[in-house]
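Visitor: Could you take me through a close look at one part of this model, with the criteria behind each term spelled out? I would like the part where charged side chains meet, set against the strands around it.

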Amino acid sequence: MGPISEVHVEQPGTAVVEIAACDDQTAFAVQELLAERWATATADRATRDPGQPGVRLLCYLDVRQELNPQHRTGEAGEECVA
């Protein structure tokens with residue numbers, strides 16, 4: 001993974017989260033859990049670092065913007081209420 005840009009962490013309440021997992025499916029499941037709670041700029045692909053196990057991805061959170069706890073995202077990007 002490359003360096004984290006200062007712009008992504010310049011204000012309180014913003015964070016960069018690096019997810020390391022054994023496979024893409026697990027990494028994207030974790031990212032989805034984060035995106036259900038906070039405003040999140042999600043990654044569309046995971047990366048593999050040569051010589052390192054598993055996959056990694058970065059997502060960017062703004063924890064100042066908590067989503068409605070009842071909010072859920074459907075498979076096709078449709079909103080539904082649990």
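Guide: A residue is called buried when its relative accessible area is under 20%, exposed when it is over 50%, and partly exposed in between, using a 1.4 Å probe and protein chains only. The model is predicted, so local features need pLDDT of at least 70 and side-chain atom pairs count only at pLDDT 80 or more, while totals for chains, interfaces and linings use all residues. Residues are numbered from 1 along each chain as its sequence is written, and side-chain values use heavy atoms, with hydrogens and water left out.

The frame comes first. Helices (H or I, at least four residues) and strands (E, at least two) are DSSP runs, numbered from the N terminus, and two strands pair if DSSP finds at least two bridges between them. Strand β1 (residues 14–21) runs antiparallel to strand β3 (residues 55–66) and is joined to β3 by 8 bridges, with Ile19 standing opposite Leu57 in β3. Strand β2 (residues 38–41) is also antiparallel to β3, through 4 bridges, and here Ala39 stands opposite Asp62 in β3.

On this frame the structure holds 3 salt bridges, a salt bridge being a side-chain nitrogen of Lys or Arg within 4 Å of a carboxyl oxygen of Asp or Glu. In one of them the side chains of Glu18 and Arg56 meet at 3.5 Å, N to O. Because Glu18 lies in strand β1 and Arg56 in strand β3, this pair ties together parts that are 38 residues apart in sequence. Glu18 counts as partly exposed, at 42% relative accessibility, and Arg56 is likewise partly exposed, at 22%.

Arg56 also meets the side chain of Asp49 in a salt bridge, at 3.6 Å, N to O, and Asp49 is partly exposed at 23% relative accessibility. Glu18, Asp49 and Arg56 are thus linked in a network of salt bridges.

A further salt bridge joins the side chains of Asp62 and Arg64, at 2.8 Å, N to O. Asp62 is buried, with a relative accessible area of 11%, whereas Arg64 counts as partly exposed at 47%.

One residue in the loop between β2 and β3 completes the view, namely Pro53. Pro53 is exposed, with a relative accessible area of 70%, and although Pro53 and Ala20 are 33 residues apart in sequence, their C-alpha atoms are 9.1 Å apart in space.
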